[in-house]
Amino acid sequence: MDALLERLRAGLPAEALITDPDITASYAHDMASFCDAGSPAVVVLPRTVEEVQHVMRTATALRVPVVPQGARTGLSGAANASDGCIVLSLVKMDRILEISPVDRIAVVEPGVVNATLSRAVNEHGLYYPPDPSSWEMCTIGGNIGTASGGLCCVKYGVTAEYVLGLEVVLADGRLLNTGRRTAKGVAGYDLTRLFVGSEGSLGVVVKAVLALRPQPPQQLVLAAEFASAAAACDAVCRIMERGHTPSLLELMDRTTVHAVNAMASMGLPETTEALLLCAFDTPDPAADLAAVGELCRAAGATEVVPADDVAESELLLQARRLSLPALETVKSATMIDDVCVPRSKLGAMIEGTAAIAEKFGLTIGVCAHAGDGNTHPVVCFDHTDADESRRARESFDEIMALGLELGGTITGEHGVGVLKKEWLARELGEVGVEVQRGIKAAFDPLGLLNPGKLF
């Protein structure tokens with residue numbers, strides 16, 4: 001410990017090091033349940049690339065593990081500390097270095113908060129689409145680490161589609177530049193995409209070149225009530241089959257609607273079994289909403305209400321953004337699943353989750369990015385009740401198994417971390433795991449970067 005601190009202090013300002021165990025403990029874990037976390041030896045908050053390189057060179061020399069972190073809003077334990085590690089928090093590297101309206105790119109440091117970037121590019125008439133529910137807190141570095149999604153994925157895609165290039169500090173302290181600033185480029189292997197979603201296990205992202213789009217018109221939202229989740233999912237299939245391109249297509253089940261009303265008095269219809277929100281940011285959104293409204297009615301919607309204006313639309317979107325916080329108030333703890341299935345299997349996924357909730361005697365609310373099949377079943381339980389905690393964990397595993405049976409994946413946007421290590425091996429298979437471990441070894445032969453995650 002003394003040798004580690006001595007070496008770190010040689011290349012870092014005093015304020016960049018935190019050793020007080022009461023404070024370092026607050027950096028030990030992210031927001032995931034049932035994920036073990038160790039006690040870090042030290043927390044480092046660098047402000048420059050050179051300081052990050054110094055940390056990694058020190059870690060390599062002394063064989064000390066390093067856990068890169070952003071805002072710790074993750075839900076898989078990917079940012080959890082291991083005993084004796086260096087927690088490398090990138091939140092102080094929070095500068096927007098460049099916004100280019102001509103090239104339609106932004107160059108940012110990893111600690112930039114998603115919402116801060118979004119608002120900054122809006123001032124230039126530009127748009128950065130990825131918008132995770134935690135966008136007011138989560139950082140771009142964390143979004144890159146877990147390949148985050150958001151409400152707009154159905155039209156605009158996820159973080160991976162917007163990362164053009166990266167500057168990465170490797171495990172031994174060398175600086176690697178990947179990708180490009182140009183609109184096109186196919187020189188060499190696509191190392192940029194390899195780092196996106198790698199959860200800090202291959203290198204430390206210290207700079208990112210992000211693609212931007214022209215700012216679209218303000219979107220209008222439609223809310224449709226259904227007497228069953230199956231009918232709502234049928235509407236989703238009809239909307240996509242007819243070739244519509246909504247900017248948002250979200251689903252909230254009855255449990256989620258009740259939780260949001262209880263927390264925020266939003267006035268959502270509590271008689272509904274499923275509430276579908278559909279938005280368009282096209283030049284004539286009212287016409288698009290009218291067409292979708294007819295498809296919803298054909299699928300069995302009991303009520304279809306298009307928003308009259310942007311303010312009403314934003315109110316509906318706020319209700320959706322409150323889904324996870326509201327479900328967290330149902331019991332003392334939650335496990336938030338992240339299973340993505342083909343759109344055609346969405347109904348089976350939601351109905352299967354309801355059956356699992358009944359089997360285990362638990363409250364499980366589901367909110368979903370319905371347009372891309374990404375469901376978020378939220379298991380609500382009392383963490384002080386050992387039996388209920390056991391049932392929560394078992395139900396979580398059954399939900400993931402159901403997703404794989406339906407041809408889906410164990411994670412659409414939250415990552416693997418600690419929580420889903422066992423399930424990643426099941427999804428990838430023996431050969432897939434072997435190849436991925438080989439890639440890890442090529443970038444991090446000593447296994448110092450975020451050990452114990454993914455595999």
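1. Let's start with the largest nonpolar core of this predicted model. That core has 32 residues, and the members that touch the most others are Val 108, Leu 117, Tyr 128, Ile 140, Ile 144, Leu 166 and Leu 210. At least two core residues come from each of strands E6 (105-108), E7 (126-127), E8 (163-169) and E10 (204-211), and likewise from helices H4 (114-122) and H5 (140-146). E10 gives the largest share, 5 residues. If you want one residue to click on, try Tyr 128: beyond its neighbours within four places in sequence, its contacts include Asn 114, Leu 117, Ser 118, Val 121, Ile 140, Thr 159, Tyr 162 and Leu 210. Apart from this core lies another, of 29 residues, with Ala 235, Ile 239, Phe 280 and Leu 346 among them.

2. Two of the strands that feed the core also share a salt bridge. Glu 167 and Lys 207 meet through their side chains at 3.8 Å, N to O. Glu 167 sits in E8 and Lys 207 in E10, so this is a link between distant parts of the chain, 40 residues apart. Glu 167 is buried, at 12% relative accessible area, while Lys 207 is partly exposed at 27%.

3. Now E5 and E6. The two strands run antiparallel and are joined by 4 bridges, with Ser 100 opposite Ile 105 of E6. Their hairpin has 4 residues between the strands, and in it Arg 104 takes a positive phi near 55°. Worth a look while you are there: Glu 109 pairs with Arg 95 in a salt bridge, with the closest N and O atoms 2.8 Å apart. Glu 109 belongs to the loop between E6 and H4, and Arg 95 to the loop between E4 (86-89) and E5 (96-100), so the pair ties together parts 14 residues apart in sequence. How buried or exposed are the two partners, Glu 109 and Arg 95? Glu 109 is buried at 4%, whereas Arg 95 is partly exposed at 49%.

4. E4 also belongs to an open sheet of 4 strands, in the order E1-E2-E4-E3, with mixed pairing. E1 (17-18) and E3 (66-69) are the edge strands; each has a single partner strand, so one side of each has no neighbour in the sheet. The E3 to E4 pairing is parallel, with 4 bridges, and Val 67 has Val 87 in E4 as its bridge partner.

5. A quick stop at helix H3 (49-62), which contains Thr 60. Thr 60 counts as buried because its relative accessibility is 17%, and the cut-off is under 20%. Setting aside residues up to four places away in sequence, Thr 60 touches Ala 171, Asp 172, Leu 446 and Leu 448.

6. On to helix H9 (254-264), where Thr 256, Val 257, Ala 259, Val 260 and Asn 261 are buried. What covers them? The cover includes strands E13 (248-253), E14 (274-280) and E18 (363-369), along with helices H11 (310-321) and H12 (323-327). Just after H9, Ser 265 takes a positive phi of about 50°.

7. H11, part of that cover, deserves its own point. Its 12 residues should span 16 Å at 1.5 Å a residue, and the end C-alpha atoms are indeed 16 Å apart. Asp 309 caps the N-terminal end, with a side-chain oxygen 3.3 Å from the backbone nitrogen of Ala 311. The buried residues of H11 are not just nonpolar names: Ser 313, Arg 320 and Arg 321 are among them, as are Leu 316, Leu 317 and Ala 319.

8. Finally, the remaining charges. The structure holds 22 salt bridges, and the one I'd open next is Lys 420 with Asp 337, whose closest N and O atoms are 3.4 Å apart. Lys 420 lies in the loop between H14 (386-405) and H15 (421-443), and Asp 337 in the loop between E16 (333-336) and E17 (339-340), so the pair ties together parts 83 residues apart in sequence. Buried or exposed? Lys 420 counts as buried at 2% relative accessibility, and Asp 337 counts as buried at 0%. There is also a network of salt bridges that links Lys 331, Asp 387, Glu 388, Arg 390, Arg 391 and Glu 394.

Conventions
Residues are numbered from 1 along each chain as its sequence is written. This is a predicted model: local features need pLDDT of at least 70, side-chain atom pairs count only at pLDDT 80 or more; totals for chains, interfaces and linings use all residues. Side-chain values use heavy atoms; hydrogens and water are left out. Buried means under 20% relative accessible area, exposed over 50%, partly exposed in between (1.4 Å probe, protein chains only). Contact means heavy atoms within 4.5 Å. The expected span of a helix is 1.5 Å times one less than its number of residues. A polar contact is a pair of N or O atoms within 3.5 Å; within protein, one must be able to donate a hydrogen and the other to accept it, and residues adjacent in sequence count only if both atoms are side-chain atoms. A nonpolar core is a set of buried Ala, Val, Leu, Ile, Met, Phe, Trp, Tyr and Cys residues joined through side-chain atoms within 4.5 Å. A salt bridge is a side-chain nitrogen of Lys or Arg within 4 Å of a carboxyl oxygen of Asp or Glu. Two strands pair if DSSP finds at least two bridges between them.
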